[in-house]
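Here's a quick tour for anyone about to load these coordinates into a modelling pipeline. Have a look at the fold first, and then we'll go through it piece by piece.

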Amino acid sequence: MMIYVSDVFVPQNPESHFYYAKLAATQGSLSGLTRTGLCLAKGYGISKSIGGAQKVLSIAAKRNYPDAIKLLKILEDATK
């Protein structure tokens, strides 16, 4: 599978995606937190962890990041 990035198709690399999402998250990026949470929820580039995903997404959701709020609600509804 290929991913379109900046006018170029590049090979998909789940481990690198998780690494850079986590790096962005540690630098305070709400998008990075959300992507890290999504990786954890799907097991993309790291072992699947719904609890870990909810923990990370809740940090971004508390900062009113809309994507994190939506994903957190989806996870909460799925685990009921």
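## Where to trust the model

In which element of the protein chain is confidence lowest, and in which is it highest? This is a predicted model, and strand β1 (residues 2-5) comes out lowest, with a mean of 48. At the other end of the scale sits α3, with a mean of 96.

Across the protein chain, pLDDT averages 88, and 86% of the residues score at least 70. As a rule, where pLDDT is low, the predicted coordinates should not be read in detail.

## The overall layout

The protein chain has 4 helices and 2 strands. Reading from the N terminus, the order is β-β-α-α-α-α, with both strands ahead of the helices.

Of the chain's 80 residues, 25% count as buried. The accessible surface adds up to about 5500 Å², and carbon and sulfur atoms account for 59% of that. As for contacts, take the ones between residues at least 6 apart in sequence: 35% of these join residues at least 24 apart.

## A threonine on the inside

Now zoom in on threonine 36, which sits in helix α2 (residues 30-42). Is threonine 36 buried or exposed? Its relative accessible area is just 5%, so threonine 36 is buried, the cut-off being under 20%.

What is threonine 36 in contact with, leaving aside its neighbours within four places in sequence? The list is Phe18, Ala21, Lys22, Ala25 and Val56. Leucine 57 is 21 residues away from threonine 36 in sequence, with a C-alpha to C-alpha separation of 8.1 Å. The threonine 36 side chain also has a polar atom 2.8 Å from the backbone oxygen of glycine 32.

## A greasy spot on the surface

Helix α1 (residues 14-26) is where you'll find tyrosine 20. With a relative accessible area of 53%, tyrosine 20 is over the 50% cut-off and therefore counts as exposed.

Tyrosine 20 has company, too: together with Tyr19 and Leu23 it forms a nonpolar patch on the surface. The three residues have about 330 Å² of accessible area between them.

## An asparagine with an unusual phi

Which way does the phi of asparagine 64 go, positive or negative? It's positive, at about 65°, even though this residue isn't a glycine. For context, most residues other than glycine have a negative phi.

Asparagine 64 belongs to the loop between α3 (50-62) and α4 (66-78). It is exposed as well, since its relative accessible area of 61% is over 50%.

## One salt bridge

How many salt bridges does the structure hold? There is 1, and it pairs lysine 73 with aspartate 77, with the closest N and O atoms 3.2 Å apart. Both residues lie in helix α4, 4 residues apart, or about one turn of the helix.

Neither partner counts as buried or as fully exposed: lysine 73 is partly exposed at 49% relative accessibility, and aspartate 77 is partly exposed as well, with a relative accessible area of 38%. Those labels apply because both values fall between the 20% and 50% cut-offs.

Conventions
Residues numbered from 1 in each chain as written. Heavy atoms only, no water. Buried < 20%, exposed > 50% of the residue type's maximum accessible area, 1.4 Å probe, protein only. Contact = heavy atoms within 4.5 Å. Polar contact = N/O pair within 3.5 Å; in protein donor to acceptor, adjacent residues only side chain to side chain. Patch = residues over 30% accessible without salt bridge, like charges linked within 9 Å, V, L, I, M, F, W, Y side chains within 5 Å. Areas by Shrake-Rupley, 256 points an atom, 1.4 Å probe, with all protein chains shown as cover. Salt bridge = Lys/Arg side-chain N within 4 Å of Asp/Glu carboxyl O. pLDDT = per-residue confidence, 0-100.
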